[in-house]
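Got the viewer open? Let's take a short walk through this one, a stop at a time.

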Amino acid sequence: MANIAIVTDSNSGITQAAGREMGIHVLPMPFMINDKTYFEDIDLTQEEFYERLAAGANIGTSQPSPESVMNLWDKLLKDYDEIVHIPMSSGLSGSCQSAIMLAEDYDGRVQVVNNQRISVTQRQSCLDAKLLAASGKNAREIREFLEADKFNSSIYIMLDTLYYLKKGGRITPAAAAIGTMLKLKPVLQIQGEKLDAFAKARTTNQGKNIMINAIRNDIETRFGGLTEDKHIWLLIAHTHNEEAAKAYRDEILEQFPGYDIHIDPLSLSVACHIGPGALAFACSKKISL
């Protein structure tokens, strides 16, 4: 059986410390803050990021450099036979396509997974990859399995503010002003490659209920319904909003009793575009070996 390394990036929400515990290698995502480069969870913590964001710093995201990717791969291939690399969704960043191109020089020993996941669903893909490796699958088989499984997840995100979408040019100033005046809480959806508008809530409670109902509908219509064996992972993510995320977990458990719900901060690459205070509810179908 091949000795396989699982690699992801910090968009998965897996910290360097958690990665060491889980046996997953995490490539830190770079950020430009006021023209200086920082790396998530290396010299830029969640707290420092949100402090800079609140202070109005000019923050931009970037792909990992080819050198940083290949250096990690080269180091790992001294101890491992193969690598499964699971980057963030190709629809949200060019880092996936870049990694696919770099892997062409590794004679099949590096398999880059383009399964269009982000945050907590990307994290779950890493855990699934470890299970698949333990079951005896090689790197190519793991990549093919995860790519075939890519639509078996959903994420819905409720924003607390429209300011950062306006700042990034993703909505017009007029639309942001109207939304702010009406105190709208937009709910976005990540499905496959795209981040799309899903609904507009007038209150936080309405937004949370919209996400619960959307996940319930996805489970019933796409993932085989709610079953006694609880074959669905339920997941929560947030941007600098941990107490609200924990309270939301309690509300979700009233609707989905008996589930073990994992909570993680949303990746900073997402947070810089949507700002603090966001809540996300996600699901991912458990894999069958």
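How are α3 and α4 oriented to each other? Before you try to judge by eye, keep in mind that this is a predicted model. Select residues 66-76 for helix α3 and residues 95-103 for helix α4. Their axes come within 11 Å and cross at roughly 55°. That angle is neither under 35 degrees (roughly parallel) nor in the 65 to 115 range (roughly perpendicular), so α3 and α4 are oblique to each other. The crossing of this pair is right-handed.

Now show the side chains where the two helices touch. On α3, pick Pro 66, Val 69, Met 70 and Trp 73. On α4, pick Ala 99, Leu 102 and Ala 103. Colour them by class and you'll get seven nonpolar residues, with no polar and no charged ones in this contact.

Next, hop over to Asn 34, in the loop between β3 (30-33) and β4 (36-39). Check its backbone: phi is near 50°, a positive value in a residue that isn't glycine. Is Asn 34 buried, exposed or partly exposed? Its relative accessibility is 49%, so Asn 34 counts as partly exposed.

For the last stop, select Gln 116. You'll find Gln 116 in the loop that runs between β7 (110-112) and α5 (119-134). Here too the residue is not glycine and phi is positive, this time near 55°. Turn on a surface and ask again: is Gln 116 buried or exposed? With a relative accessible area of 7%, Gln 116 is buried.

Methods:
Residues are numbered from 1 along each chain as its sequence is written. This is a predicted model: local features need pLDDT of at least 70, side-chain atom pairs count only at pLDDT 80 or more; totals for chains, interfaces and linings use all residues. Side-chain values use heavy atoms; hydrogens and water are left out. Axes are lines fitted to C-alpha atoms, for helices over the stretch in contact, and angles run from 0 to 180 degrees between N-to-C directions. Helices (H or I, at least four residues) and strands (E, at least two) are DSSP runs, numbered from the N terminus. Angles under 35 degrees count as roughly parallel, over 145 as roughly antiparallel, 65 to 115 as roughly perpendicular and the rest as oblique. A crossing is left-handed if the near helix is turned anticlockwise from the far one by less than a right angle, and right-handed if clockwise. Contact means heavy atoms within 4.5 Å. Ala, Val, Leu, Ile, Met, Phe, Trp, Tyr, Cys and Pro count as nonpolar, Asp, Glu, Lys and Arg as charged, and the others, Gly among them, as polar. Buried means under 20% relative accessible area, exposed over 50%, partly exposed in between (1.4 Å probe, protein chains only).
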